[in-house]
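User: Hey, got a minute to walk me through this model? I'd like to start with what the terms mean and then poke at the details.

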Amino acid sequence: MKDLFFFQGEAMKNRLTKLSLIVLTALFSVSASAQLKDGDYNAESKGVWGSPIKVNLSIKNGKIADIKFTHNETPAVGGSALDKIKADVLKSQNINVDAISGATATSKAALSALEAAFLKAGGSKAISKKTSAAKDKAYENTTTDVVVVGGGPGGMMAAIDLSKAGKKVILLEKQGVLGGNGTFVSTYYQAGGTSIQDKNKDKDVSEEDFAKYLSTYPQTNPEMAKAVAPGAREAFELLVQNGADLKRTFKPFAHAPSDGRAPGLEITPAFVKALKKVNADVRLNNRATELLQENGKIVGVKVQPKDGKPYLIRANDVILATGGYSAGKELLKQYTPEVLNLGTTNSAGTTGDGHIMAQKVGANLTRMKDLVVQSINTLSIK
């Protein structure tokens with residue numbers, strides 16, 4: 001056969017090789033399906049919070065027909081990741097799909113349980129590792145009215161408002177899930193003049209009172225406080241309208257779930273629900289890497305998808321809603337090296353992407369050392 005390839009030349013060699021691969025791939029796929037036995041198969045693995053992620057894998061006619069996860073993962077992070085894993089597996093008919101960025105621990109636990117169930121169904125370990133994950137949608141160079149960088153509360157709210165105003169919006173999120181730091185809000189949501197405060201008959205909690213309250217914080221610009229106050233109320237009402245339970249009020253501007261849960265568990269799902277109601281183009285696993293500049297004006301962004309080639313988005317306006325840099329070693333080392341090795345309660349996505357991109361086009365960064373560092377006392381019992 002080698003002599004045949006030699007005499008036929010490289011072109012024929014490549015064609016025959018490709019044909020051979022196609023035949024082998026087809027045979028492999030058939031054998032993979034034939035090995036799976038119809039029925040329901042269960043397995044589990046320990047999730048992020050120590051409780052199990054349980055999977056029920058349903059096989060019909062030798063194919064993966066359905067997947068059901070039972071879990072206690074954070075709905076907007078782990079729950080979203082499990083939904084994406086299910087969709088990828090059903091589409092590709094292979095359990096070797098990518099972990100979801102932003103929910104890596106949950107993904108790995110779920111995939112481990114899924115593989116165990118797959119093996120019970122008669123699949124082989126070799127087959128489960130053979131094919132690559134289903135790829136995300138490929139994007140080409142495009143134009144839009146506004147590109148919003150960052151899929152946390154600020155980015156989602158901007159995309160929602162602008163879409164309602166008739167603007168064509170593209171929302172970029174580098175992780176595989178939306179939510180940003182909103183998912184990790186563990187204390188309360190602050191706002192003044194809300195419908196919940198009115199219902200609870202709270203006193204001295206108007207929007208103006210809230211602006212004055214914000215102005216008491218050190219180094220806070222009163223004019224900024226006046227701008228933030230109405231926005232906080234507007235976002236709050238949007239959350240409540242989309243099902244967020246923030247009925248408990250205290251402190252006096254704080255709002256929290258009535259059952260004592262962390263507000264982030266209510267905030268992110270409500271924002272995502274509201275975002276789905278508008279015509280925004282939401283692109284997960286798409287990281288903005290560079291601001292495009294022409295004649296001193298920002299005209300768009302360069303984007304690097306998780307899979308695939310980079311592309312450009314030209315826009316009339318660019319909104320950076322990328323959050324802070326508490327999870328970004330590069331900026332921590334530069335501005336606050338004393339906390340470089342500390343952990344953070346922020347999202348893993350808060351690596352200062354917006355700061356870095358803006359600085360490269362001439363932006364002046366201020367108050368970069370103003371991180372909130374919490375001290376936790378530990379008690380050693382001998």
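Analyst: Sure, burial comes up a lot, so here is the rule: buried means under 20% relative accessible area, exposed over 50%, and partly exposed in between, with a 1.4 Å probe and protein chains only. Phe236, at 0% relative accessibility, counts as buried.

User: What kind of model is this, and what are the ground rules?
Analyst: This is a predicted model, where local features need pLDDT of at least 70, side-chain atom pairs count only at pLDDT 80 or more, and totals for chains, interfaces and linings use all residues. Residues are numbered from 1 along each chain as its sequence is written, and side-chain values use heavy atoms, with hydrogens and water left out.

User: What's the average pLDDT of the protein?
Analyst: The average is 85, and 85% of the residues score at least 70. pLDDT is the predictor's confidence in each residue, from 0 to 100.

User: Which stretches have a pLDDT below 50?
Analyst: One is residues 1-34, where the model has 6 contacts beyond near neighbours in sequence. Residues 375-382 also sit below 50, with 0 such contacts. Contact means heavy atoms within 4.5 Å.

User: How many helices and strands does the protein have?
Analyst: There are 11 helices and 12 strands. These are DSSP runs numbered from the N terminus: helices are H or I with at least four residues, strands are E with at least two. Of the 382 residues in the protein, 41% are buried. Among contacts between residues at least 6 apart in sequence, 60% join residues at least 24 apart.

User: Back to Phe236. Which ring does it pair with?
Analyst: Some background on the rule before that. A pair of aromatic rings is described by the distance of the centres and the angle of the planes. Rings of Phe, Tyr and Trp (its six-membered ring) pair if their centres lie within 6.5 Å; planes under 30 degrees apart count as stacked, over 60 as edge-to-face and the rest as tilted. By this rule the count comes to 8 aromatic pairs. One of them is Tyr139 with Tyr311: the ring centres are 5.6 Å apart and the planes are at 35°, so the pair is tilted. Tyr139 lies in the loop between helix H4 (125-128) and strand E4 (142-149), and Tyr311 is in strand E12 (residues 311-320), so this pair ties together parts that are 172 residues apart in sequence. Both Tyr139 and Tyr311 are buried. As for Phe236, its ring pairs with that of Tyr189, with centres 5.6 Å apart and planes at 50°, so that pair is tilted.

User: Where do Tyr189 and Phe236 sit?
Analyst: Tyr189 is in strand E6 (residues 189-190) and Phe236 in helix H8 (residues 222-241), so the pair ties together parts 47 residues apart in sequence. Tyr189 counts as buried because its relative accessibility is 15%.

User: Which residues form an aromatic cluster?
Analyst: Phe210, Tyr213, Tyr217 and Phe253 form one.

User: Switching to pockets. What volume does the second largest pocket have?
Analyst: About 460 Å³. Of the 18 residues that line this pocket, Ser80, Leu178, Val272, Lys276 and Leu284 are the closest to its centre. The elements giving two or more residues to the lining are helix H2 (75-92), helix H9 (264-276) and strand E9 (281-284).

User: How is a pocket defined on the grid?
Analyst: The grid is 1 Å over the protein atoms alone: a cavity is a set of points where a 1.4 Å probe fits but cannot get out, a pocket is an open set with protein on both sides within 12 Å along at least five of seven lines, and lining residues have an atom within 4 Å of a point. Points are joined across faces, edges and corners, and a volume is the space filled by probe spheres set on the points.

User: Which element gives the largest share of that lining?
Analyst: H9, with 6 residues.

User: Anything else in H9?
Analyst: Glu266 is found in helix H9. Glu266 is buried, with a relative accessible area of 11%.

User: Any odd backbone spots?
Analyst: A cis peptide bond joins Lys251 and Pro252, with omega about 5°. Pro252 is in the loop between strand E7 (248-250) and strand E8 (254-256). Asn61 has a positive phi of about 55° although it is not a glycine.

User: Is Asn61 buried or exposed?
Analyst: Asn61 counts as exposed, at 72% relative accessibility.
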